[in-house]
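Got your viewer open? Let's take a walk through this one together, stop by stop.

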Amino acid sequence: NWGAENAGFKLSLSFEQQSAEYIYPINAVLVLSNATDQVLQTIRAPIKKAYRILVTDIDGTSIPLTKYGQQQMRDDFNTTVQPIGIQPGRVFTEKILLNRWYDLSARGAYSVEVSRIVADPVVKGWTYVTSNIVQLDIP
């Protein structure tokens, strides 16, 4: 499944397991696809610079960051942001260890949506492409 196309890109979110115990790694798999016939640009960067992640519970309440996630979002260390070109019809895949960033310790269903920064060739600036929404169950 894919989110809506934006700036020639589509973004797909999935989990290695749809149901996972909190104590085990919960990896979000993000696939960024170039849906055009030209090379498109994005960046290789730390999670906090490349992504916006929305995790909510069944009631729509935002899930807080873990201590690690808070520290990563607070730290303003110098990091390398590297532009990368995605060839037509090709994909760029990354994984995010979601329960390292977000407090998924409560049992229940969570809704997850991710946006990733990409270059918009029309306005010659940066924009976000948004994924499909995926439900994750913590038994």
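How many bridges join S2 to S6, and which way do the two strands run? Select both and follow them side by side: the count is seven bridges, and S2 and S6 run antiparallel. Before you go further, keep in mind that this is a predicted model.

**Stop 1: around S2**

Stay on S2 for a moment. To find a spot on the S6 side, pick Ser-33, which stands opposite Val-91 in S6. Now look for S1: S1 and S2 also pair in the antiparallel sense, over seven bridges. A handy place to see this is Leu-13, which sits opposite Leu-30 in S2.

Is S2 mostly covered or mostly open? It is mostly covered, with eight of its eight residues buried. In a regular strand, side chains alternate between the two faces of the sheet. Try colouring the two sides of S2 separately: Asn-27, Val-29, Val-31 and Ser-33 lie on one side, and Ala-28, Leu-30, Leu-32 and Asn-34 on the other. Both of these faces are covered.

**Stop 2: the salt bridges**

Next, show the charged side chains. How many salt bridges does a search of the whole structure find? The search turns up two.

For one of them, select Glu-16 and Lys-95, whose side chains meet at 2.6 Å, N to O. This pair links distant parts of the chain: Glu-16 is in the loop between strand S1 (9-15) and strand S2 (27-34), while Lys-95 is in strand S6 (residues 91-97), 79 residues apart. Switch on a surface and compare the two ends. Glu-16 counts as partly exposed because its relative accessible area is 44%, and Lys-95 counts as exposed because its relative accessibility is 53%.

Then select Arg-116 and Glu-94, which form a salt bridge with their closest N and O atoms 3.1 Å apart. Here too the pair links distant parts of the chain, with Arg-116 in strand S7 (residues 108-120) and Glu-94 in strand S6, 22 residues apart. Are Arg-116 and Glu-94 buried or exposed? Both are buried.

**Stop 3: the S7 and S8 hairpin**

Follow S7 onward to S8. These strands pair in the antiparallel sense over six bridges. Click on Asp-120 and look across: its bridge partner is Gly-125, in S8. Four residues lie between the strands of this hairpin, and Lys-124 takes a positive phi near 55°.

Now step to Trp-126, which is found in strand S8 (residues 125-130). What does Trp-126 touch, leaving aside its neighbours within four places in sequence? Its contacts are Gln-41, Thr-42, Ile-43, Ile-117, Val-118 and Ala-119. Draw a line from Trp-126 to Gln-41: their C-alpha atoms are separated by 9.6 Å, although these positions lie 85 residues apart along the chain.

**Stop 4: the nonpolar core**

Time to look inside. Nonpolar side chains tend to be buried together in soluble globular proteins. The largest nonpolar core here has 35 residues, and the members that touch the most others are Val-55, Leu-98 and Leu-104. Which strand gives the largest share of this core? That is S7, with five residues.

**Stop 5: Thr-56**

Select Thr-56, in strand S4 (residues 51-57). With a relative accessible area of 12%, Thr-56 falls under the 20% cut-off, so it counts as buried. Show what surrounds Thr-56: apart from neighbours within four places in sequence, it is in contact with Thr-61, Ser-62, Ile-63, Ala-109, Tyr-110 and Ser-111. For a longer line across the model, join Thr-56 to Phe-15, where the C-alpha atoms are separated by 16 Å.

**Stop 6: zoom out**

Finally, show the whole chain as a cartoon. You should find three helices and nine strands. Tracing from the N terminus, the elements run β-β-β-α-β-α-β-β-α-β-β-β. The C-alpha atoms fill a box of roughly 45 × 35 × 25 Å along the principal axes. The radius of gyration is 15 Å, which agrees with the value near 14 Å for a compact globule of 139 residues.

Colour by burial and you will see that buried residues make up 42% of the chain. If you turn on contacts with a separation of 6 or more, 76% of them come from residues 24 or more positions apart. As a last view, put the surface back on: the accessible area is about 7,800 Å², and 48% of it belongs to carbon and sulfur atoms.

Definitions and conventions:
Residues numbered from 1 in each chain as written. Predicted model: local features only at pLDDT ≥ 70, side-chain atom pairs only at ≥ 80, totals over all residues. Heavy atoms only, no water. Contact = heavy atoms within 4.5 Å. Salt bridge = Lys/Arg side-chain N within 4 Å of Asp/Glu carboxyl O. Buried < 20%, exposed > 50% of the residue type's maximum accessible area, 1.4 Å probe, protein only. Core = buried A, V, L, I, M, F, W, Y, C linked by side-chain atoms within 4.5 Å. Pairing = 2+ DSSP bridges. Rg over C-alpha atoms; globule rule 2.2 N^0.38 Å. Areas by Shrake-Rupley, 256 points an atom, 1.4 Å probe, with all protein chains shown as cover.
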